[in-house]
Amino acid sequence: MNPIGNLNKVFESRIRLGVMSVLMVNEEVNFNDLKQMLEVTDGNLASHLNTLEENGYLKVHKGFIGRKTNTTYAITAAGEKAFKGHLAALEHMIKFTK
Amino acid sequence: MTDQQHLQAITDIKRLMERSSRFISLSGLSGISAGISGLIGAYIARMWLVEYYTRWETSGAYSDTDFRTLKYRLIALALAVLAAALAAGTFFTWRKARQNNLPIWDLTARKVLINTAIPLAAGGAFIAGLLFNHLETLVAPTCLVFYGLAIINASKYTLPDVRYLGICETILGIVNLFYLRKGLYFWAIGFGLLHIIYGALMWWKYERKKTI
């Protein structure tokens, strides 16, 4: 078995991996909190969130607080599975290349 | 990707999981300053109580106006102590957050606040009900129990050690129920002493090395 095959290409980006890490331990996180946590710019974060959504790893919920839009993100079951698989692959690689 | 990069990825994941789920800037000095405000408040309250009972003794009769004045003064004092404790507590936590280059107001801070506020608001309403029904002796134990439960609830989102403080406060409140007339002493222990002990332990455990 080739362990590199198990590493998820989507998570090669540090920001996408970061988004998934935050969402693994938080039920729902809004755009601004993600931005603050990951220290990235609006545009950068938005494009990575899009990629994750297209892969079916994120649920997006567009709401309002007063007149301001408040978009929140949550992880999907598929996202959780993919993230755990990626973690297992990382672990495997470190263990067996030593 | 190299091994180094894989390790880096795992470190990133771990850091972000921790950083986004727990508010770690809570300073031990916040606990100590809150405890000192609590002790000063208890001391003032005791002076007022002694004064009240002395007046009762000398006049020989219970006075309704005296009692009402005392009650409102004590409520005002409790609010002032709460404000002082919150202000000092926020200051030291703000300072610790700044030293560690972390934002003081973020997702985790909000979670701590909301999860403390819910049981505290319930406790506040409960106490208003006690005062309404003239059950003043139950106020101190109720404060301690609800405060303890509030902290236990918030401990999931901050330093896990806070949980033990919450458990101690809750037990103290329940014990107080069996020594009703000693409410002020339990208050002084719960809001004064326990905070100081907890704060000192936390400072020793998490902040000592960085300050020296």
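Visitor: How many residues does each chain bring to the contact between chain A and chain B?
Guide: Keep in mind that this is a predicted model. Both chains chip in here: chain B gives 20 residues, and from chain A come 23 residues.

Visitor: Which three residues supply 29% of the area that chain A buries against chain B?
Guide: Start with the whole patch: the two chains bury about 1900 Å² between them, and 67% of that lies on carbon and sulfur atoms. On the chain A side, no other three residues supply more than this trio. The names to look for are A:Gln36, A:Met37 and A:Ile94.

Visitor: Which residue of chain B meets A:Arg14 in a salt bridge?
Guide: Chain A and chain B have two salt bridges between them. In one of them, the side chain of A:Arg14 comes to 2.7 Å, N to O, which is inside the 4 Å cut-off. Its partner is B:Asp12.

Visitor: What kinds of residues make up the side of chain A that touches chain B?
Guide: At least two residues each come from α1 (14-25), β1 (29-30), α2 (31-38) and α4 (77-97) of chain A. Sorted by kind, the residues on that side are four charged, six polar and 13 nonpolar.

Visitor: Which residue takes a positive phi in the hairpin of β2(A) and β3(A)?
Guide: Strands β2 (residues 58-65) and β3 (residues 68-75) of chain A run antiparallel, joined by eight bridges. Along the pair, A:Lys62 stands opposite A:Thr71. Two residues sit between the strands, and the one with a phi near 65° is A:Gly66.

Technical notes
Residues numbered from 1 in each chain as written. Chains lettered and ligands numbered in written order. Predicted model: local features only at pLDDT ≥ 70, side-chain atom pairs only at ≥ 80, totals over all residues. Heavy atoms only, no water. Contact = heavy atoms within 4.5 Å. Buried area = accessible area lost by both parts, 1.4 Å probe. Helix = DSSP H or I, 4+ residues; strand = E, 2+ residues; numbered from the N terminus. Nonpolar A, V, L, I, M, F, W, Y, C, P; charged D, E, K, R; others polar. Pairing = 2+ DSSP bridges.
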